[in-house]
Each structure stands twice: as C-alpha cells, then as structure tokens.
Amino acid sequence: MQIITISDVRAQGFDEVNYPDVMVEEAITVTDAYFEQICDHWFVLRDDSRFYNGNSSAVLPLDIPLFSLSKLYFSLGDSWQEQDKEGFVLHREMKYPRIEARGCRRFPPGRLSVKVEGQFGCVDISGQTPAPIRRAALELVPIYLGTLITHEPQERLKRLMLYEEETEDHRYKIAEAMT
C-alpha cells in the first residue's frame with residue numbers, strides 16, 4: 001500500500017504517454033520513502049510483529065501507532081505465551097500510542113519481553129493516509145516526475161519547503177526547509 005496511487009497522479013493531469021506507469025510508480029515509491037525517512041513514521045497500514053521492552057507497569061508505550069491488535073505475547077524465557085486481547089485497551093493516539101492492561105495485569109519486565117502483532121501506521125480513524133500527507137505527496141510526485149523528464153538535478157526537491165498542517169486531532173510537520 002502506498003500514500004497515493006497512480007490514479008491519484010493521473011487525476012493531476014499526468015498522462016500515460018509522457019509519464020508511463022513505471023515512472024509514476026517510481027515517483028510514488030521515492031515519495032513514500034522520503035516521508036518515512038523524514039517523519040520517521042509509516043503513513044500506510046503495515047502488518048508487522050514488533051518487540052518491546054516490558055516495564056512492569058500497566059501501560060506499554062509504542063514507537064508506532066497500532067491501528068489494530070492481532071496478537072499479544074509475553075515472554076516466558078524460552079517461549080512465548082499468547083495473551084487474551086480482551087484484557088488490553090489499545091490507544092491509537094498519534095503522539096502517545098500505547099497499550100494499556102486492564103485490571104491488575106502488568107507487562108512483564110525485561111528486554112524485548114512483549115511481542116505485539118497487528119497493523120501499524122500513522123493513519124486516520126478509517127485506516128487511510130491522513131489528508132495532509134496525501135496532499136503533500138501529490139505536491140512532491142510531480143516535482144520528482146519533472147526531474148525525471150528534464151533530467152534536472154534533484155535540487156528542486158531539496159529546495160522544496162514543505163509545510164506543517166493541523167487536522168482535528170493531530171499536527172503534522174512534514175519537514176523543515178532543506179538546504
């Protein structure tokens with residue numbers, strides 16, 4: 001899954017004759033990688049298994065927002081014990097994503113003692129890429145395509161000053177001006 005699709009780019013007026021699908025796909029892939037590198041987040045859902053350090057508390061902070069929890073495991077030394085998902089609450093907040101244990105439960109202490117499986121990504125409540133990120137990607141892809149067609153150095157990308165934008169619950173700062 002990508003932040004934007006070929007049809008999104010085609011809707012911006014990039015025809016198949018001058019901009020073949022392979023070229024557009026490359027521009028989208030580069031843009032996705034750019035956002036991931038600059039923002040240190042995924043803006044599409046990814047199925048993943050991630051390991052976290054347990055902290056003996058009822059709250060497990062996550063490095064990437066978890067959209068849906070498939071399975072949760074606690075380390076028992078040489079093996080893993082699957083936990084009942086109903087005993088945990090998933091907080092999808094962008095700034096402080098976490099899993100909270102219900103009742104008297106605690107996350108086991110230790111390095112990489114908790115395994116979380118599910119869909120991760122900085123997405124909106126419907127699981128889609130946030131609109132400000134999609135708009136910014138639709139601004140970057142044409143610039144990248146222009147550098148491919150004209151063989152201009154990619155200095156245009158470096159000079160591009162992306163903006164920050166605020167939605168209902170989140171503020172996205174894509175990047176500072178690059179020099």
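**Salt bridges and strands in a predicted model**

Reader: At 13% relative accessibility, does R98 count as buried or exposed, that is, which of the two words applies?
Author: The model is a predicted one. The cut-off for buried is under 20% relative accessible area. R98 has 13% relative accessibility, so R98 counts as buried.

Reader: Which residue meets the side chain of R98 in a salt bridge?
Author: The bridge runs from N to O at 3.1 Å, inside the cut-off of 4 Å. The partner has a relative accessibility of 39% and counts as partly exposed, whereas R98 is buried. The residue that shares this bridge with R98 is E93.

Reader: How many residues lie in the hairpin that joins β5 to β6?
Author: Strand β5 covers residues 88–91 and strand β6 residues 98–101. The two pair in the antiparallel sense over 4 bridges, and L90 stands opposite I99 in this pairing. The hairpin joins β5 to β6 through a number of residues, namely 6.

Reader: How many residues apart are R134 and D8?
Author: Their side chains meet in a salt bridge of 3.0 Å, N to O. R134 belongs to helix α3 (residues 131–150) and D8 to helix α1 (residues 6–10), so the pair links distant parts of the chain. The separation in residues is 126.

Reader: Why does R134 count as partly exposed, and at what relative accessibility?
Author: Partly exposed lies in between the limits of 20% and 50%. D8, on the other side of the salt bridge, is buried, with a relative accessible area of 18%. R134 counts as partly exposed because its relative accessibility is 27%.

Reader: Which residue forms a salt bridge with E117?
Author: The closest N and O atoms of this pair are 3.4 Å apart. E117 is buried, and its partner is buried too. The partner is K115.

Reader: How many salt bridges does the structure hold?
Author: Among them are the pairs R134 with D8, R98 with E93 and E117 with K115. D48, R50 and D63 are also linked, in a network of salt bridges. The count for the structure is 7.

Reader: Which strands are at the edge of the sheet?
Author: The sheet is open, has 4 strands in the order β1-β7-β3-β4, and its pairing is antiparallel. An edge strand pairs on one side only. The edge strands are therefore the two ends of that order; with their residues, they are β1 (46–54) and β4 (80–83).

Reader: What does the twist average from one strand to the next?
Author: This value refers to the open sheet with the order β1-β7-β3-β4. From one strand to the next, the twist averages 30 degrees.

Reader: Over how many bridges do β1 and β7 pair?
Author: Strand β7 spans residues 110–120 and pairs with β1 in the antiparallel sense. R46 stands opposite F120 in β7. The number of bridges between β1 and β7 is 8.

Reader: What pattern does the protein follow along the sequence?
Author: The secondary structure comes to 4 helices and 9 strands. Read along the sequence, these elements give α-α-β-β-β-β-β-β-β-α-α-β-β.

Reader: What share of the contacts with a separation of 6 or more comes from residues 24 or more positions apart?
Author: The protein has 179 residues, and buried residues make up 42% of them. Its accessible surface comes to about 10300 Å², with 50% belonging to carbon and sulfur atoms. Among contacts with a separation of 6 or more, the share from residues 24 or more positions apart is 68%.

Conventions. Residues are numbered from 1 along each chain as its sequence is written. This is a predicted model: local features need pLDDT of at least 70, side-chain atom pairs count only at pLDDT 80 or more; totals for chains, interfaces and linings use all residues. Side-chain values use heavy atoms; hydrogens and water are left out. Buried means under 20% relative accessible area, exposed over 50%, partly exposed in between (1.4 Å probe, protein chains only). Axes are lines fitted to C-alpha atoms, for helices over the stretch in contact, and angles run from 0 to 180 degrees between N-to-C directions. Contact means heavy atoms within 4.5 Å. Accessible areas come from the Shrake-Rupley method with a 1.4 Å probe; for residues, only the protein chains shown count as cover.
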